[in-house]
Amino acid sequence: MKKSKLSIGLVTTFIAALGLSACNTTSSAVTDGKGAIVTITGYGGEKIEIKANDLYGEYLKDPNKISSFYSTVEENLIRYTYEKTTFVSDNNSQPEEPGKVKVTLKTYNGIKSDADLAVRKAKEKAQANAKSSGTSFQTEWDKILKENNVENEEELREKYIYQYEKEEYENWYLKTNMSSLTNEYITDSSVKADAKFPYHIRHILISLSNGSSDFVKGTISEDEADTLGSVMSELIDSTKVGGSNSYLYTFAKIAREHADKGDSGSAAKGGDVGIMSTTTSFVNEFKLGIYAYDTVFNNVSTRSAETVKKVKEGLGITSEVENTLKTFGLEEVPYDAFIQIGLNKDVTTDENKDTVNDNNEAYYPRNVYYNNYLNLHRPFVITNQKLDPKTGRVSEETIKDSSRFGYVASEKLRYLTDEEGRVIIGVRSEHGIHLMIMQKSIFNDETTYTEKAKQVSLKDYYTTYTPDNKYYPTFDQDGEKKPYTTYVNYLPGLESTDLKTRASEVEGEISGFDNAYSYRIYENLLNYLSTKSVTVTFSKGIDETIDGYISTLRQKNKWDRADSLKDAWKTYLNLLELELYTHGIKFGSAMNIYDTDNVSFETSQNSRRVNTVCAVSFKKAASSKNYEKGGVCYEAK
Amino acid sequence: MKRNSIKKLACLSLLGLLGLTACNTTTASDVYAKPDNYSDSSVSFEKDSTVVNGYKTMEEVYDAWREGNIPSNVAEKIIIEYSYSAFGKYDDLKSIAEKIKNKEDLDTVRTFINNHKVYQTSPRVEKDEFALVSGKFAAIEKRIAQRMYKLVSGGSYTEDSIFDEAEMLKSLLNDSQSVSHPKEATTYKGLVLPSVEPEEVFETQEELGGDSLLHRENYQSLTNTYIDDKITPEIYKELLNEQYLLEEAKSTIGRSRARKINVFSITARSGMEDGKAAEYLMNYLFEVLTSAPKSAIWKNHTEWLVEGGSKLDVSKVFTDFSNAWVGNVEPIKDGDGTTKYKNTVLEDILAKQAEAEDPVFKYVEETEEGKESQSYYKSTDRGLWMTDVDKIDADPKKTDTSVESEFTGNNTYTVEHGIELKERADKLKDYTSSGWYIASDGAGTLPSSISNRLFNVTVSDSKKENETDPSKPEYAPAYDRWQKVQENSGLRKSAEYEYSKDNDYGSYLARIAGNYFLRNNDLLPGSEDQDIIFKDGSTYYVVQVEEAVNSTKMGSSDTNYSSLGRTAEDIQDITNEVAKIIAAGSTYQDLAKDYWLKKMSLEYHDTVVFNYFAETYPDLFK
């Protein structure tokens, strides 16, 4: 017995001794460095200290470490402002000023009550969870504390208090600064963020299944041809609704009717695709097509040169881009091209029911018209011109009733518009043919409207309120306050939930246009405290680090936006250049081109696009000189 | 055993066990090196002389950092600080190197060396110590350039083969680095031509239009500290690793069989005509490299000579032959004064085939106005794709749709733009390579049949170092294949120089008009004359050997580098380059770190940091 005790004791001592020496974490191995973390002996034998102040100080100066302490700083600022200043009482006691939004803030006591309630609810939840999972209240309560990253009930309460204070402050900031934020969002780029130059766009999309990379011999189906024809027939139809001054076929109605042929989502809202800004990811043909049309080709005399310059800069339209666009020019497509496509939707054989050119679909009349007039990645307008039935070319003749062609380009030439006079702009993208209107252009030319409800400023157009709200923009008419037509309510017959959704959409745009938005709150707090003669002192210059970080982030956001626009324009213009070049390719020797009477009216080389005469001569291909061997429409397998 | 002894034993055991459990945990004895403001609020508010501290202090932030990256950062920082103490900080070292160069204020230089033992030789020889300092600074400068070049050549700031320094500045600024703002900076935008070496990244180059790839002041100036903050510390760490090698294992440098080489390599194309192209090019290359001093080739191509004209600059020759293989053309004034787009090497080869109806590198001139630069030579890289362009036809039935798609980026840009992109890509092609290699690592992409010969010990014996003292047996020119013909009383010389392989020292290396080339002993009958050309499969190689290290040359005998007349600067450069390669290996890095940490005699003043070192570098505590 004695011997075994001795053995045990020796072994234990031995193990302990080993533990002591291997561990070496006795307090003597680590000494107080009086501010140094480690001391080393340099190469030459000199002592070098690595100071805690220096090492941690480097971290404080590193903008990449800012997230570690920024939230701490922000919490201090919000809580001090909310709890130690007269911010809440000053705000709540201020009388309401006309035209200025007033937001009533919850008091600190109110927030504390809410926090108490939240804590009670958390406890109830813990109890319920304990019951349902068969554990104890303490276990479930500890879980909740851990989830919230706090140690105890008091800390949880403080966390809720801060959370509610922050929400109140952020909401107050947004609502009271909505006016200036909206201006910044629309056109007034600042050091903090670039404006987003919003357009409100609507469209009718005619989906095309064939890929869009074939510039010259794309094909469309019979159904697609039919839709193109129908849509155009309705757009030019001047029938009015029984006795009224309103057209039967409005843009919205046409969009809804053809929803299943294109974009059903927007069609249900009368073609509304919503707000298109510089960061919206629409295809280039759509977005840049609108920008190109509105800034380069749509010369409205009432626009100020300063505004035009600002908008061009904001949309990435450099002088190089503009010159290139001008070289390409604005395409004018006769409305009759659409009609002819529709009329020839099912023409696939000649009048003898024989196939033509080994049934090469590129020669179907609908495809010939499509490739020559609609298969365009560059923007086009639709004119009141007819096609010459003998050649398929644009003729001098125009449509009899030009009332739907509301834009007067020249004495005889007019462009198709919607029922309110907005020019319809067309383009071919990977999705199909888009017929677009600018419900609200960034240039706000609509102030020229006679209807007062539409003479709304851009800022008011993008209101975040619903018509039943006292802050909704109104105008005086016959002694009454009338609501302006804005993004929120432009569609007649919307339910209040829809109106709220639309208002929220605008609010989301404005509160989200600046990727560094949250730092505005920080700056606002500092500014407020300064006005109250409160000196805010930051530990070890972390305010400089924060300022540096904010500045870098803002610069980065601007660069990212500019680069994104630059890349988009480069890709788009490369595509347009290729398209134009491809359309212009000629080959072979010159040949006679014949009309439907087999009379030569032109001598020309062949091109990669099937000549329009091939469409008008198709039915009589057997006898047409164009379809003879060596003719412009002849193509053997 | 007596009762008291048992009690003592029990107590000791208990204490020991307690000690074991106390290990690796922060206990009440936790030593925390806190910064001054640890307990301060991150923000405090003062109004009317009343100060209110914020709710949260810096405690939480610092505690998180301490448990996070602070300990590993300490490990990094002490290495850097130690290396500064060894070599001197960059600004000091720069100033001293400048004084040495200008031979001014040498007393300050001597004081610096006295305070930095790493530069002291044994025995103390001032000129060698000065060379050590200059060499160290030169190495740092070279590595700064090389690291910055890596940013350029990485491709992140390149679009359609065009590098944009402004984009690089933007990216660095976005990462909160201290560099110039692109709007206020002078920046380069253009091709990163392979003729610009990494070390030349900050130097203006004629081929860059008089500009440099990078403008140093954008990264290192009074206001911009990117190089000082991010690049230089990493270089100092590297140098410290190498210093370990120099102090503890210097002999490995000599034993490394390090070689500095330049390589030219092309692969023969398939097909009848194109297949002959490589042969023609290599034949002419051989002719150039083995041309006699002051021969017609030297007179007609002064651009291929080193400064002073004493020998061919082989890297320049290789570069021009690389461009020839690519088929790059440049505007040259023709005999009649018109500007043609030509390549001088290919013109030389064509001149030799003047009688041939369809010469291998036939020149196809583009005469359409405005498109003259689209001229090309057949059987070159450019020629092959230019021939493809001819397959694109306006007539859609005749055009090659896959070629058209290739040149239009699958229908996203015009053919002209596609041609432009191809031309840019061609300018970036490089069929040469160069660098230092050690036997254990191999020689880049050279096949083993060649690298085995390259690293043979005989190569370093054959590479003679003595260029100045004809009385010594190691006099290099004595082994040159080209020897001056001796005057022989009245007999007329047929030529100034005579060529003979018998002059070679050994069968591995040939010295030809001042340059060394690796010899091929595995030749087809009839091609033995061209014994500096290797062929592996269908790939040709020519290997110029610029340096070949061995233990004798690195040692202290009378046949070492110094005794044979190599300058102290050269010796330093060789030592630095070879040490860099060896010390970069992970084995040496680990050994070096352990070595220096032990030398530092660390004193710990923070428990968490201590625990980190105990766990990460347990050997420190043995």
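Let me start with helices H5 and H6 of chain A, residues 108-133 and 137-147, whose axes come within 8 Å and cross at roughly 130°; that angle makes H5(A) oblique to H6(A), and the crossing is right-handed. I should say at once that this is a predicted model. On the H5(A) side the contact is made by Ala122, Lys123, Lys125, Ala126, Gln127, Asn129 and Ala130 of chain A, and on the H6(A) side by Phe137, Thr139, Glu140, Trp141 and Ile144 of chain A. Taken by class, the residues of this contact divide into six nonpolar, three polar and three charged.

A second helix pair is in chain B, where H8, residues 226-248, and H21, residues 586-599, pack at an angle of about 85° with their axes 9 Å apart, which makes H8(B) roughly perpendicular to H21(B). H8(B) brings Leu240, Asn241, Tyr244, Leu245 and Glu248 of chain B to the contact, while H21(B) brings Tyr588, Gln589, Leu591, Ala592, Tyr595 and Trp596 of chain B. In this contact of H8(B) with H21(B) there are eight nonpolar, two polar and one charged residues.

Let me turn to the contact between the chains. It takes 75 residues from chain A and 78 residues from chain B. On the side of chain A that touches chain B, the elements that give two or more residues include helices H1 (2-23), H2 (52-61), H3 (66-84) and H20 (542-584), together with strands such as E1 (36-41) and E16 (586-594). Which element gives the largest share of that side of chain A? It is H1(A), with twelve residues. By class, the side of chain A that touches chain B has 34 nonpolar, 29 polar and twelve charged residues. There is also strand pairing across the two chains, in that two bridges join E1(A) to strand E18 of chain B, residues 603-604, and the two run antiparallel; within this pairing, A:Val38 has B:Tyr604 as its bridge partner in E18(B).

Now to the sheets within the chains. In chain B, three strands form an open sheet in the order E3-E4-E5, with antiparallel pairing. Strand E3 (158-159) and strand E5 (189-190) of chain B stand at the edges, each with a single partner strand, so one side of each has no neighbour in the sheet. E4(B), residues 162-164, pairs with E5(B) in the antiparallel sense over two bridges, and B:Phe163 has B:Gly190 as its bridge partner in E5(B).

In chain A, strand E7, residues 385-387, and strand E8, residues 394-398, likewise pair in the antiparallel sense over two bridges, with A:Gln385 standing opposite A:Thr398 in E8(A). E7(A) and E8(A) form a hairpin with six residues between them, and in the turn A:Gly392 has a positive phi of about 80°.

I will finish with a single residue, A:Val273, which lies in strand E4 of chain A, residues 272-276. Is A:Val273 buried or exposed? A:Val273 has 21 C-beta neighbours inside 10 Å, and therefore counts as buried, the cut-off for that class being 20 or more. Its C-alpha atom is separated by 7.7 Å from that of A:His200, although the two residues are 73 residues apart along the chain. Leaving aside residues up to four places away in sequence, A:Val273 touches A:Ile201, A:Arg202, A:His203 and A:Ser266.

Terms used:
Residues numbered from 1 in each chain as written. Chains lettered and ligands numbered in written order. Predicted model: local features only at pLDDT ≥ 70, side-chain atom pairs only at ≥ 80, totals over all residues. Axes fitted to C-alpha atoms, helices over the stretch in contact; angles between N-to-C directions. Helix = DSSP H or I, 4+ residues; strand = E, 2+ residues; numbered from the N terminus. Parallel < 35°, antiparallel > 145°, perpendicular 65-115°, else oblique. Left-handed = near helix turned anticlockwise from the far one by under 90°. Contact = placed C-beta atoms within 7 Å. Nonpolar A, V, L, I, M, F, W, Y, C, P; charged D, E, K, R; others polar. Buried ≥ 20, exposed ≤ 12 C-beta atoms within 10 Å, placed from the backbone. Pairing = 2+ DSSP bridges.
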